[in-house]
Amino acid sequence: MKKELHIFFTCLMFYTRIPCPKNIDHNPDYLNKATRYFPFIGWIVGSISFLAFYLFSLFLSTETAVIFSIIISVLTTGAFHEDGFADVCDGFGGGWTKEKILTIMKDSAIGAYGAIGLVLLFLVKFKLLSESISLFTHSIFLFFLLFISAHSLSRLAAISIIFTHEYSRDDASSKSKPIAKNHSWKEVLGSFFFGLIPLLALSYFNYKTLLALIPIFITRYFLARYFQKWIDGYTGDCLGATQQVCEVVYYLSILFIWKFI
């Protein structure tokens, strides 16, 4: 149990800005095993984001509350995944060879593709979340499950890429390198367990929401295929971009399913 707690806190420290016990460090072995808890981090981030929305909605407009929930989510993770999304936009938008793409993504400066990508990403998130609220006005608990399932399932889609593809960079300079090593069945099982539970809970109220798995993993498949084609695998930035894109696809899918199916 003590070891599992250490692994969990390693995951929490790596993927969020939430304070952890002082004895936790970036141990490569624990980072590798921490992938089993990555979707569970989505439970935490989703809960914090929802709580921010709920509190701000008590005295501000719904749209403003949505904006603050997005801000709190970004602050909680330290823009970890958004940064990866921006780097992928810059890298694949401005590079035409594997070496050039990887070099651009490694650059800490944000370019035009990244800036434009982030603006559009946040606009789409804001619009989809604002529209989703009208579907769940009869139950704030369902809206809570929407937050949790979006964050956990999108993280499952992202982390599952490391189970099927190779890490692209040959050097060990990336801080994401430790999570690219071999994984046991515990990491795979843990990821899918924590990734799917919130969606299963939401499907109790509308079983058709399970259909959201189809566009999520179609998106994951084509993103992984695209990364494989251009850089022979994935990087940490690719995983961050996959999480962000799949989160948006999930919101869009739930809206479509709830309205038309």
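Where in the chain is the place of D232? The legends below take us there, and to a few other spots, in a predicted model.

**Figure 1. D232 sits in a loop between two helices.** The loop that holds D232 lies between α11 (213-231) and α12 (236-260). Look at the backbone here: the phi of D232 is near 60°, a positive value in a residue other than glycine. Most residues other than glycine have a negative phi, so a positive value is worth a second look. Is the residue hidden or open to its surroundings? D232 has a relative accessible area of 42%, so it counts as partly exposed, the class between under 20% and over 50%.

**Figure 2. A79 is another loop residue with a positive phi.** Here we visit the loop between α4 (62-77) and α5 (80-94), where A79 is found. A79 is not a glycine, yet its phi is positive, at about 55°. With a relative accessibility of 23%, A79 is partly exposed.

**Figure 3. Helix α7 runs through residues 112-135.** How many residues does helix α7 have? It has 24, and at 1.5 Å a residue they should span 34 Å. The C-alpha atoms at the ends of α7 are 35 Å apart, which agrees with that expectation.

**Figure 4. Part of α7 is buried under other helices.** Which residues of α7 are buried? Among them are the glycines G114 and G117, the leucines L118, L121, L128, L129 and L135, and also I133. K125, S130 and S132 of α7 are buried too. The cover over the buried residues of α7 includes α3 (38-57), α4, α5, α8 (140-159) and α12. You have already met α4 and α5 on either side of the A79 loop, and α12 beside the loop of D232.

**Figure 5. The close-ups belong to a chain with 12 helices and 0 strands.** From the N terminus on, every element in the run is α. The radius of gyration is 18 Å, close to the 18 Å that the globule rule gives for 261 residues, so the chain is as compact as a globular protein of that length. Along its principal axes, the C-alpha trace spans about 50 × 45 × 35 Å. Buried residues make up 52% of the chain. Of the contacts with a separation of 6 or more, 78% are between residues 24 or more positions apart.

Definitions and conventions:
Residues are numbered from 1 along each chain as its sequence is written. This is a predicted model: local features need pLDDT of at least 70, side-chain atom pairs count only at pLDDT 80 or more; totals for chains, interfaces and linings use all residues. Side-chain values use heavy atoms; hydrogens and water are left out. Helices (H or I, at least four residues) and strands (E, at least two) are DSSP runs, numbered from the N terminus. The radius of gyration is taken over C-alpha atoms; the globule rule is 2.2 Å times the number of residues to the power 0.38. Buried means under 20% relative accessible area, exposed over 50%, partly exposed in between (1.4 Å probe, protein chains only). Contact means heavy atoms within 4.5 Å. The expected span of a helix is 1.5 Å times one less than its number of residues.
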